[in-house]
Amino acid sequence: MVLWWTDQMRARLVLGPVHVCPQVREWLDLETLQRLVARHRRGDWGEVDARDARANTLAAYHQCGRLRSVYNLGQGLCIWVITDHLGTDSLQTTVLIPADE
């Protein structure tokens, strides 16, 4: 779900270093991984509910807090892309399978 996402917001959204959990590397090829991170960066939060989508959009707009995207890839495989510490020097993004969290 994408809510009032603008090019200006997309340009402001920085993900920081992207860390990929080992289990994700076993399941996903590089192209799929890059596609999911790109969706996350452009405000396509995947299958989060409306409340979480709004929280993500507000966090991205204000450059503070946390973003979480959820992508169900079929066959029971779910990938989360989480960006923590928006607007700080500790900014980082992690790609994981929910059991990894």
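Here are some short notes on the predicted model shown above.

1. **Overall layout.** The protein has 4 helices and 4 strands. Along the sequence, their order is α-β-α-α-α-β-β-β.

2. **Burial and surface.** Of the 101 residues in the protein, 44% are buried. The exposed area is about 5,900 Å². Carbon and sulfur atoms supply 51% of that area.

3. **Contacts along the chain.** Take the contacts between residues at least 6 apart in sequence. In the protein, 55% of these join residues at least 24 apart.

4. **Length of α3.** Helix α3 covers residues 30–41, which is 12 residues. At 1.5 Å a residue, α3 should span 16 Å. Its end C-alpha atoms are 16 Å apart, so the model agrees with the expected span.

5. **The two sides of α3.** Which residues of α3 are buried? They are Thr32, Leu33, Leu36, Val37, Arg39 and His40. Seen down the axis of α3, these buried residues fall within an arc of 155°, so they line one face of the helix. Leu30 and Glu31 lie on the other side of α3 and are exposed.

6. **What covers α3.** The cover over the buried residues of α3 includes two elements from earlier in the numbering, β1 (18–20) and α2 (22–27). It also includes the strands β2 (65–74), β3 (77–86) and β4 (92–96).

7. **Rings and charge.** How many aromatic pairs does a search of the whole structure find? The search finds 0. One ring does have a charge over it: the charged end of arginine 68 sits over the ring of tryptophan 80. The distance from the ring centre is 4.7 Å.

Conventions:
Residues numbered from 1 in each chain as written. Predicted model: local features only at pLDDT ≥ 70, side-chain atom pairs only at ≥ 80, totals over all residues. Heavy atoms only, no water. Phe/Tyr/Trp six-rings, centres within 6.5 Å; stacked < 30°, edge-to-face > 60°. Lys NZ or Arg CZ within 6 Å of the ring centre and 35° of its normal. Buried < 20%, exposed > 50% of the residue type's maximum accessible area, 1.4 Å probe, protein only. Contact = heavy atoms within 4.5 Å. Areas by Shrake-Rupley, 256 points an atom, 1.4 Å probe, with all protein chains shown as cover. Expected span 1.5 Å × (residues − 1). Arc of directions from axis to C-beta.
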